[in-house]
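Take a look at the structure below. Keep it in view while reading.

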Amino acid sequence: MLQEIATAGIMFLSSLAAPAGPAVQFAPPPDKIVIGVASANGSGCPDKSAEVQVSGDNTAFTVIYSEYQAQVGVGAEPDEFRRNCQLILNVHVPQGYTFAIAKTDYRGFARLAAGAWAYQQANYYFQGDSHTAKARHNFKGYFDNDWQTTDLVGIEALVWAKCGAKRFFNINTELRVGVGTSDPKTTTSLITMDSTDTEISTIFHLAWKKC
C-alpha cells in the first residue's frame, strides 16, 4: 500500500570511493516534497517491519528497521547468513529542482566470534538508469559492539535524478555474515541493522540543485 510521506528531504547512501569533504553545496527547495513508499521487500524488512521518517527541512530521511538480522552458527537457520531489503520510493520534488544522495549513515550491532566475518553493503539507482552508487563495509571477529558507517560522496560523483522525469528511486541494502575460521557448532555470529531496543536508524542525506 502506497504510504504518502509529506514534508521532506531525501538522502541517499553513496559509496563510490569518492573524495572526502562536504558534498551538499546547494540549498534545498523552499517547498515541501513528498516521498511515497511504493514497496519494502526482502528478508531483512518483512511486512511492516521497516518505517520511513522524513525530516522537515528537505535534507534527509530515516529508515528504521525492526527485523533486520543475519546470523550463522548455533541456533541459526541455513538461510539466515544473508538478509536484504529493497525500498522503492516515489519522490515528488518541487518543479525546477533535482536531487542526489550525498551521504548515508548506517547503524547497527554485531557479535562476531573470533575468525568470523560480516559485511553491510548498499546500492542506489533511479528506475531505468544504469548508473548506480554502491558501498560496502567489512567487519571481522572478534567483535561485540554497536557499529556505525558513513558513505560520503564528493560533489563530482553525485548521481542526479533527471530533471522533469518521474522515476522510482531504489535503495538496496544487504547484511551478510560468515563463519570464517570460527566453529559454527559452538558459536553464533550475527550482524543486525537494528538496536537492542529493536529500532535503529539509517539516515539518507540529500543534495539539491536547480534544473
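The paragraphs below walk through one loop residue and then some aromatic rings.

A word on the source comes before the tour. This is a predicted model.

Start at Tyr142. This residue lies in a loop. On one side of that loop is strand E9, residues 133-140, and on the other is strand E10, residues 143-152. Is Tyr142 buried or exposed? Its relative accessible area is 59%. Exposed means over 50%, so Tyr142 counts as exposed.

Tyr142 still has contacts with residues from elsewhere in the sequence. Leaving aside residues up to four places away, Tyr142 touches Leu112, Ala113 and Ala114. Now look toward Ser182. Tyr142 and Ser182 are 40 residues apart along the chain. Their C-alpha atoms are separated by 9.7 Å.

Next come the aromatic rings. The structure holds four aromatic pairs. One of them joins Trp117 and Tyr119. Their ring centres are 6.1 Å apart, and the planes meet at 15°. Planes under 30 degrees apart count as stacked, so this pair is stacked.

How accessible are these two partners? Trp117 has 33% relative accessibility, so this residue counts as partly exposed. Tyr119 has 8%. Buried means under 20%, so Tyr119 counts as buried.

Stay with Tyr119 for another partner. The charged end of Arg136 sits over the Tyr119 ring. The distance to the ring centre is 3.7 Å.

Finish with a group of rings. Which residues form one aromatic cluster with Phe139? They are Phe143 and Trp147.

Key: Residues numbered from 1 in each chain as written. Predicted model: local features only at pLDDT ≥ 70, side-chain atom pairs only at ≥ 80, totals over all residues. Heavy atoms only, no water. Helix = DSSP H or I, 4+ residues; strand = E, 2+ residues; numbered from the N terminus. Buried < 20%, exposed > 50% of the residue type's maximum accessible area, 1.4 Å probe, protein only. Contact = heavy atoms within 4.5 Å. Phe/Tyr/Trp six-rings, centres within 6.5 Å; stacked < 30°, edge-to-face > 60°. Lys NZ or Arg CZ within 6 Å of the ring centre and 35° of its normal.
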